[in-house]
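Trainee: I've got a new chain to look at. Could we go through it together?

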Amino acid sequence: MSQPSQQPRPRLDARGAVDLSALARPATPPPGSPGGLPVPTAYVRDVDEAAFPEVVQSSTQHPVVVVLWAAWSEVSQQVAAELSTLAAEDGGRWLLARIDAEANPQVAAAFQAQSVPTVVAVLGGQPVPLFQGAHPREQVRGVLDQLLAAAEANGITGRVAPGEAAPEQPEPEPALPPLHQAAYEAIERDDLPAARAAYEQALRENPRDAMARAGLAQVGLMERTAGLDQRTVREAAAAAPDDVDAQLAVADVDLFAGAVEDAFARLVDVVRRTTGDERERVRVRLVDLFEVVGTDDPRVVAARRALASALY
C-alpha cells in the first residue's frame, strides 16, 4: 500500500525562518561541510556564471579544467574531489573550475552537458571535451597529461597565480537574537510548539519585530500542513468549492509546495465569494501567508492589490 504524500519538513534560511524558496530542490552543502565538496584551494575554484568569462580568459595563460557537478549526484562529487587532488599534485599547471550545473544552467548549456559529471577543458578560450561519468584515477591522469601536452604545443605554459584562485571568504552571518535562535533550534529538532512560544515571546518584547512575525506565520504553516495527505486535501477542495476550511487547507498545501500564485489566487477568489466572518477568516489567512512568502515579494504585492479589489 502506498504511503500518504505528506509534506516534507522545510529547510530554514539564515534568519531562522522557513526557506520556502528551496523546497523544490535540495540544498547544496557548502564546501568543507558534510556532503559538500572539499574546500577550494590555490588551484581549485568554485565558479558561477558571473565569474565564468574571467575563467575562460585565464585559459590563454594556463589550461582550465571544468567539472560540472550537482549536489544530488554523489558520483559527480567524487569526480570533483578526485580532480581537486590531481590539481594539487600538478601544482598550478592547470586550474580546476567547479561549476554547480543546476545553479548555473547557462554554463552547463554552453558546454552541451547532458549529464553530470561532465569534464571539459578550456584551452586558449576553446572548449575541449574530456570525459563524462567516473573513470579510474590512472585514466583521468592520462587525459590530463594529454591536455598538458596539447597546452605546451600551443604555447600555453603559464601557471595559476597564487592569488588567482584564492576562494573568497564569505562574511559570517550575523548572530540571531536569542529568541530567534531558540525558535530556529526548536524547528530543527521538530519542536514546533517551542518555536511558536519563542516567536510569540519575541513579539511580546518587541511588537515591531518583523522577523518574529514572519517566523510565527511560517511555524503556523508548518503546523497546519504537518501530516497532511496532499491528494486528500486537493480532492476535498475540488469536491467542495464552497467549503472555506477545505479551500484554506489546499491553499496551505499549494504554498508549501511552492505554488505561491495558485494559493493566493484561490484565497482571493474565496474572499470574493464570501461575506462576514468567513470572509474575514480568509482575509486573515491570506495576510498570514503574505508574511510567509515575504511582504516585499512581487507576488505578494500583486496579491495585495487583488485582495483590495476583492474586498472593496
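**Cores, helices and confidence**

Mentor: Sure! This is a predicted model. The largest nonpolar core has 36 residues, and those touching the most other members are Leu 255, Phe 264, Leu 267, Val 282, Leu 286, Leu 289 and Phe 290.

Trainee: Which helix gives the most to this core?

Mentor: Helices H5, H6, H7, H9, H10, H11 and H12 each supply at least two of the core's residues. The top giver, with seven residues, is H10.

Trainee: Okay, and is Glu 291 buried or exposed?

Mentor: Glu 291 sits in helix H11, which covers residues 276-293. Beyond its neighbours within four places in sequence, Glu 291 contacts Arg 213, Ala 214, Ala 217 and Gln 218. Its relative accessible area is 15%, and the cut-off is under 20%, so Glu 291 counts as buried.

Trainee: What about Glu 278: how does its accessibility count?

Mentor: Glu 278 lies in helix H11 too. Its relative accessibility is 37%, which falls between the 20% and 50% cut-offs, so Glu 278 is partly exposed.

Trainee: How far apart are the C-alpha atoms of Glu 278 and Asp 245?

Mentor: Along the chain, these two are 33 residues apart. In space, their C-alpha atoms are separated by 9.5 Å.

Trainee: Last one: over which residues does pLDDT stay under 50?

Mentor: The chain's mean pLDDT is 85, and 84% of its residues reach 70 or more. Where pLDDT is low, though, predicted coordinates shouldn't be read in detail. The stretch you're after has 56 contacts beyond four places in sequence in the model, and pLDDT stays under 50 there: residues 1-27.

Notes:
Residues are numbered from 1 along each chain as its sequence is written. This is a predicted model: local features need pLDDT of at least 70, side-chain atom pairs count only at pLDDT 80 or more; totals for chains, interfaces and linings use all residues. Side-chain values use heavy atoms; hydrogens and water are left out. Helices (H or I, at least four residues) and strands (E, at least two) are DSSP runs, numbered from the N terminus. Buried means under 20% relative accessible area, exposed over 50%, partly exposed in between (1.4 Å probe, protein chains only). Contact means heavy atoms within 4.5 Å. pLDDT is the predictor's confidence in each residue, from 0 to 100. A nonpolar core is a set of buried Ala, Val, Leu, Ile, Met, Phe, Trp, Tyr and Cys residues joined through side-chain atoms within 4.5 Å.
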